[in-house]
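Trainee: Could we go through the ligand and the pockets of this protein together?
Mentor: Gladly; let's have the structure in view and begin.

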Amino acid sequence: MPRLTAKICGLSTADTLAAAIKGGASHVGFVFFPKSPRNLHPEQAAALIAGAPDPVMKVGVFVDPDDALLDRAVATGLDAIQLHGAEPPERVAAIRARHGLELWKAVPVRTRADLAAAASYRGAADRILYDAKTPKGADLPGGMGLRFDWKLLDGFRHPLPWALSGGLDAGNVAEAAGITGARLVDVSSGVENAPGVKDVDKIAAFLQSVARI
Ligand SMILES: O=C(O)c1ccccc1NCC(=O)[C@H](O)[C@H](O)COP(=O)(O)O
């Protein structure tokens with residue numbers, strides 16, 4: 001078992017998906033949120049997912065999705081659902097029960113007090129994704145390349161399995177994992193040349209950094 005595994009999020013092309021798989025990503029992420037530059041229609045996601053081998057977990061990223069979108073997206077072959085909106089625990093639990101998939105809940109973090117939200121998802125989610133809180137009025141609740149103070153996780157008793165995201169890249173992921181003790185990291189902007197434009201070399205470099213840890 002590697003010390004650290006990685007999810008490459010917001011993939012939208014076959015070549016960048018192939019780079020993630022070749023580099024050893026444990027998870028790949030597909031965004032279903034129209035305001036995102038990484039948004040995919042379920043048909044596009046289905047074509048990508050068909051080319052991804054089984055052991056790589058395919059995670060669909062959603063923001064306060066309705067059931068119709070979830071039904072169409074899950075049918076593409078997702079293994080896990082990541083909720084990145086304001087979904088309360090009851091909605092998270094209902095989505096998990098309806099689809100029978102692993103459920104990740106993003107918890108936005110700026111201060112230590114923000115971490116308290118994680119405990120409310122015990123019994124509703126399978127994993128917490130700590131991500132940087134984006135500014136009020138921002139278009140996106142994630143995928144903005146922002147990081148939070150990793151020291152906030154120091155000594156925190158995690159209520160659920162968890163992953164770290166927010167502003168990670170090939171140059172800082174070792175420090176982030178060292179400070180937080182993360183076993184799973186998630187990156188999007190840090191392997192891009194522009195919002196939504198993934199770079200195969202940056203994906204390779206990120207995954208090499210992860211493999212060295
Ligand atoms: O990536 C998006 O466009 C996105 C849009 C709406 C909600 C969530 C989104 N991304 C979620 C992720 O899992 C990202 O990988 C995570 O926020 C880290 O992003 P970054 O700081 O850019 O590495």
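**The ligand and its pocket**

Mentor: By class, the shell around the ligand holds 10 nonpolar, 11 polar and four charged residues. Keep in mind that this is a predicted model.

Trainee: How many residues surround the ligand, and which are the closest?
Mentor: A residue belongs to this group if one of its heavy atoms lies within 4 Å of the ligand. The group has 25 residues. The closest are Ser36, Arg38, Asp131, Asp186 and Ser189.

Trainee: What distance separates an oxygen atom of the ligand from an N or O atom in the side chain of Asp131?
Mentor: Let's take the other polar partners before that one. A polar side-chain atom of Gln82 lies 2.9 Å from an oxygen atom of the ligand, and a polar backbone atom of Ser188 is 2.9 Å from a ligand oxygen. For the Asp131 side chain, the distance is 2.5 Å.

Trainee: How much of the area that the ligand exposes when taken alone does the protein bury?
Mentor: Start from the ligand by itself, which exposes 530 Å². Of that area, the protein buries 100%.

Trainee: Which pocket does the ligand sit in?
Mentor: One pocket has a volume of about 360 Å³ and is lined by 31 residues. Asp131, Gly142, Gly143, Met144 and Ser188 lie nearest its centre. The ligand sits in this one, the largest pocket.

Trainee: Which element gives the most to the lining of the largest pocket?
Mentor: The elements that give two or more residues are β3 (57-62), β6 (127-132) and β8 (184-187). With three residues, the one that gives the most is β6.

Trainee: How do the residues of that lining divide by class in the largest pocket?
Mentor: Gly counts among the polar residues here. The lining divides into 14 nonpolar, 14 polar and three charged residues.

Trainee: And which strand gives the most to the lining of the second largest pocket?
Mentor: That pocket holds about 230 Å³ of space. Its lining has 14 residues, with Gly85, Ala86, Lys105, Ala106 and Pro108 closest to the centre. By class, the lining has seven nonpolar, three polar and four charged residues. Giving four residues, the strand you want is β5 (residues 102-109).

Notes
Residues numbered from 1 in each chain as written. Predicted model: local features only at pLDDT ≥ 70, side-chain atom pairs only at ≥ 80, totals over all residues. Heavy atoms only, no water. Polar contact = N/O pair within 3.5 Å; in protein donor to acceptor, adjacent residues only side chain to side chain. Areas by Shrake-Rupley, 256 points an atom, 1.4 Å probe, with all protein chains shown as cover. 1 Å grid on protein atoms, 1.4 Å probe; cavity = no way out; pocket = protein on both sides within 12 Å on 5 of 7 lines; lining within 4 Å. Sits in = over half its atoms within 2 Å of the grid points. Points joined across faces, edges and corners; volume = space filled by probe spheres on them.
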